[in-house]
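This briefing is meant to be read beside the sequence and the 3D structure. Please keep both in view while working through the points that follow.

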Amino acid sequence: MTNWGLIGASTIAKEWVIGAIRATGGEVVSVMSTSAERGRAYAGEQRIAKSVTALADLLDDPKIDAVYISTTNELHRDQALAAAKAGKHILCEKPLALSLDDARAMIAAAEAAGVVLATNHHLRNAATHRAMREAIKAGRIGRPLSARVFHAVYLPPHLQGWRLDKPEAGGGVILDITVHDADTLRFILDDDPVEAIAFSQAGGMGKAGLEDAVMGVLRFGSGTIAQFHDGFTTKFAETGLEVHGTEGSLIGRNVMTQRPTGTVTLRDADGEHELPLDHRNLYEITLAAFHAAIAGKGTPSATGKDGVWSLATGLAVVEAARTGHAVRIEPGL
């Protein structure tokens, strides 16, 4: 059994990750929150034996094998470096850090310590996205030419805090959602983005000048172009991902979601065909792969290097929206 410590008493851990850890043979033995009161309440609600207020107290616990980092983005680097030094395996929320230098330092620290570092890009584990990836690999749409991602949603009130009012924490829709688009497209297309252009929007939800919506285009190494629309402000939109090739199109609907749902339709010269899907909990797939990687059997669903790629793309989109110019995507790996 893998024993886990939570760095951050977060909503995502409560709603998704704790259950996935337990469902895949792990257990959460400790949670760190800078608020003792919040930590005690959280531990009680989630049936976690121990709560601490200092990172060192969690990392010095010999019972803990791995940590899940879900604090605000500006804290990820130092917490990951400390965890690696303590010999703990690390599953870190996206974006890995606020700069590429910091993210690369996290990878180097994990490699030096011989621990697993993974990025929690859960969307690549969706049955819909895996089916699209396999269909493309099998040549069912010919050569991919273009893609479209619809990932504009409504950020619910209980998640609207730091993402909208703390620029120093790496808030805003680009580092929260566009990084997921980048990773999902990389996974489905098996290709890397090389350039970004974008326009951002402040639609009234962001409280500190942070963007709450963005539209843009990524160009991939193969020449495929992909447009994306991400937002916190769209209450009634659906999500989707389409890939259009020389011989067909893949149409995914309700697919950019944490829930195991959605459909994928293949359209080609023979008509429309709905792809068979085996829907499973996305986070349980993440945790099963992570536990296997700790045991030396395979790699995490999304590695630290995958996290650097998505961060590099997100930062390029931020810069493109700021300057109005196309920006090269260079992860420096």
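In which sense do S8 and S9 pair, and over how many bridges? The two strands S8 and S9 pair in the antiparallel sense, and they do so over eight bridges. The model is predicted, and the points below go through its two open sheets, the helices that pack on them, and some contacts between side chains.

**The sheet of nine strands**

- An open sheet of nine strands follows the order S14-S13-S12-S11-S7-S10-S9-S8-S15, and its pairing is mixed.
- The edges of this sheet are formed by strand S14 (271–274) and strand S15 (327–328), and because each has a single partner strand, one side of each is left without a neighbour in the sheet.
- In the pairing of S8 with S9, the bridge partner of Phe199 is Met215 in S9.
- Strand S9 (residues 213–220) is also joined to strand S10 (residues 225–231), by seven bridges, and these two strands run antiparallel.
- Two examples can be followed along this pairing: Val217 stands opposite Gln227 in S10, and Gly216 stands opposite Phe228 in S10.
- The strands S9 and S10 form a hairpin with four residues between them, and within this hairpin Gly223 takes a positive phi near 105 degrees.

**Strand S11 and its two partners**

- Strand S11 (residues 240–245) is mostly covered, since five of its six residues are buried.
- On one side, S11 is joined by six bridges to strand S7 (residues 144–152), with the two running antiparallel, and here Ser146 stands opposite His244 in S11.
- S11 also pairs with strand S12 (residues 248–253), again in the antiparallel sense, over five bridges, and in this pairing Val243 stands opposite Leu250 in S12.
- S11 and S12 form a hairpin, with two residues between them.

**Helices on the sheet of nine strands**

- Helix H8 (residues 173–189) lies across S7, strand S8 (193–201), S9, S10 and S11, and its direction runs at about 150 degrees to S10.
- Helix H10 (residues 304–323) also packs on the sheet, where it touches S8, S9, S10 and S15, and its direction makes about 50 degrees with that of S8.

**The sheet of six strands**

- A second topic is the open sheet of six strands, which has the order S3-S2-S1-S4-S5-S6 and parallel pairing.
- Strand S3 (50–52) and strand S6 (117–119) stand at the edges of this sheet, and because each has a single partner strand, one side of each lacks a neighbour in the sheet.
- Neighbouring strands of this sheet are turned against each other by 25 degrees on average, when direction is ignored.
- Strand S5 (residues 89–92) and S6 run parallel and are joined by three bridges, and the bridge partner of Ile90 in S6 is Leu117.
- Helix H2 (residues 36–46) packs on the sheet, touching S1, S2 and S3, and its direction makes about 160 degrees with that of S3.
- Helix H1 (residues 11–23) lies across S1, strand S2 (26–32) and strand S4 (66–69), and runs at about 145 degrees to S2.

**Two helices side by side**

- Helix H4 (residues 76–85) and helix H5 (residues 100–113) pack at an angle of about 10 degrees, with their axes 9 Å apart, which means that H4 is roughly parallel to H5.
- Where these helices meet, the residues of H4 are His76, Arg77, Ala80, Leu81 and Ala84, while those of H5 include Asp102, Ala105 and Met106.

**Strand S1 and its contacts**

- Thr2 lies in strand S1 (residues 2–7), and it counts as buried because its relative accessible area of 12% falls under the cut-off of 20%.
- Leaving aside its neighbours within four places in sequence, Thr2 is in contact with residues including Gly25, Asp65, His291 and Ile294.

**Rings and charges**

- A search of the whole structure finds two aromatic pairs.
- In one of them, the rings of Trp4 and Phe290 have their centres 5.2 Å apart and their planes at 45 degrees, so the pair is tilted.
- Because Trp4 lies in strand S1 and Phe290 in helix H9 (residues 282–294), this pair ties together parts that are 286 residues apart in sequence, and both Trp4 and Phe290 are buried.
- The charged end of Arg133 sits over the ring of Phe187, 4.5 Å from its centre, and the charged end of Lys235 sits over the ring of Tyr154, 5.2 Å from its centre.

Notes. Residues are numbered from 1 along each chain as its sequence is written. This is a predicted model: local features need pLDDT of at least 70, side-chain atom pairs count only at pLDDT 80 or more; totals for chains, interfaces and linings use all residues. Side-chain values use heavy atoms; hydrogens and water are left out. Buried means under 20% relative accessible area, exposed over 50%, partly exposed in between (1.4 Å probe, protein chains only). Two strands pair if DSSP finds at least two bridges between them. Contact means heavy atoms within 4.5 Å. Rings of Phe, Tyr and Trp (its six-membered ring) pair if their centres lie within 6.5 Å; planes under 30 degrees apart count as stacked, over 60 as edge-to-face and the rest as tilted. A charge sits over a ring if NZ of Lys or CZ of Arg is within 6 Å of the ring centre and within 35 degrees of the ring normal. Axes are lines fitted to C-alpha atoms, for helices over the stretch in contact, and angles run from 0 to 180 degrees between N-to-C directions. Angles under 35 degrees count as roughly parallel, over 145 as roughly antiparallel, 65 to 115 as roughly perpendicular and the rest as oblique.
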